[in-house]
Amino acid sequence: VSGALRDRWLARAEHRLTQAGLRAGAARTAVVELLAREGHCLMSAQEVCDRLRATGTASPASVYRVLDQLCDLGLLHRLYGKDGVARYEIVDPENHHHHLVDEGSGEVRPFKDEQLEEAIEKVGRRLGVRITGHEVTLRGSLERPPKRSQG
Ligand SMILES: [Zn+2]
């Protein structure tokens, strides 16, 4: 993660959590800081627990609770792989993207698509809804290497 993205996400996370009236604690701080450092790629709750085990700051129960809170506040994106395990990635509005799950390898790739964004805006207008967020996950098997669309 670039330093700028990390700082931006950390600041936003602290702000939202405080605004939501959620009390800061050692476990929350440890989870949030780990995600800011490494949450650019998908990590399972188990992986978060494993990374934090050495520090002794966060029990598995508190890791799961903090991950849920961050998802509820729109700070984390939760994605289920073919194995049914939830994995998490930090949400950065300035780097908005979606995911393609390769059902063959289970690999998750990010992609961007302007036409998809426009289509979603259009649907919002048609439904009379001001859309504040969306998530799109495509699943399939890769037939050829994907075109690079992620800048
Ligand atoms: Zn989008």
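Tutor: Let us begin with a term: contact means that heavy atoms lie within 4.5 Å. This is a predicted model, where local features need pLDDT of at least 70 and side-chain atom pairs count only at pLDDT 80 or more, while totals for chains, interfaces and linings use all residues. Residues are numbered from 1 along each chain as its sequence is written, and side-chain values use heavy atoms, with hydrogens and water left out.

Student: How many helices and strands does the chain have?

Tutor: There are five helices and six strands, where helices (H or I, at least four residues) and strands (E, at least two) are DSSP runs numbered from the N terminus. Starting at the N terminus, the elements follow the order α-α-β-α-α-β-β-β-β-α-β. Along the principal axes, the C-alpha atoms fill a box of roughly 45 × 40 × 30 Å.

Student: How do you know that the span of helix α4 agrees with what it should be?

Tutor: The expected span of a helix is 1.5 Å times one less than its number of residues. Helix α4 (residues 60–72) has 13 residues and should therefore span 18 Å, and its end C-alpha atoms are indeed 18 Å apart. Helix α2 gives a matching pair of values too: 13 residues, 18 Å expected, and end C-alpha atoms 18 Å apart. Just after α4 comes glycine 74, whose phi is positive, near 75°.

Student: Which residues of α4 are buried, and what covers them?

Tutor: Ser62, Val63, Val66, Leu67, Gln69, Leu70 and Cys71 are the buried ones, where buried means under 20% relative accessible area, exposed over 50%, and partly exposed in between (1.4 Å probe, protein chains only). Their cover includes α1 (3–19), α2 (26–38), α3 (45–53), β2 (76–80) and β3 (86–90). An α-helix has 3.6 residues a turn, so residues three or four places apart point the same way.

Student: And which residues of α2 are buried?

Tutor: In α2 they are Ala27, Arg28, Ala30, Val31, Val32, Leu34, Leu35 and Ala36. Among the elements covering them are α1, β1, α3 and α4. Over the whole chain, buried residues make up 33% of the 151 residues.

Student: What makes the link between aspartate 92 and arginine 8 a salt bridge?

Tutor: A salt bridge is a side-chain nitrogen of Lys or Arg within 4 Å of a carboxyl oxygen of Asp or Glu. The N to O distance between arginine 8 and aspartate 92 is 2.6 Å, so the pair qualifies. Aspartate 92 sits in the loop between β3 and β4 (98–102) and arginine 8 in helix α1, so the bridge ties together parts 84 residues apart in sequence.

Student: Why is aspartate 92 called buried?

Tutor: Its relative accessible area is 9%, which is under the 20% limit. Arginine 8, at 30%, is partly exposed, because that value falls between the two limits.

Student: What does glutamate 14 form with arginine 28?

Tutor: The two form a salt bridge, with the closest N and O atoms 3.5 Å apart. It links distant parts of the chain, since glutamate 14 is in helix α1 and arginine 28 is in helix α2, 14 residues apart. Arginine 28 counts as buried at 5% relative accessibility, whereas glutamate 14 is partly exposed at 30%. The structure holds eight salt bridges.

Student: How do you know that β2 and β3 pair?

Tutor: Two strands pair if DSSP finds at least two bridges between them. Between β2 and β3 there are five, in the antiparallel sense, so the condition is met. One bridge joins leucine 79 to arginine 87 in β3. The two strands form a hairpin with five residues between them, and glycine 84 in the turn has a positive phi of about 80°.

Student: In what order do the three strands form the open sheet?

Tutor: The order is β1-β3-β2, with antiparallel pairing. β1 (43–44) and β2 are at the edges with a single partner strand each, so one side of each has no neighbour in the sheet.

Student: Arginine 87 came up in that sheet; which side chain does it meet in a salt bridge?

Tutor: It meets aspartate 83, at 2.9 Å from N to O. Aspartate 83 is partly exposed at 49%, and arginine 87 is partly exposed at 24%.
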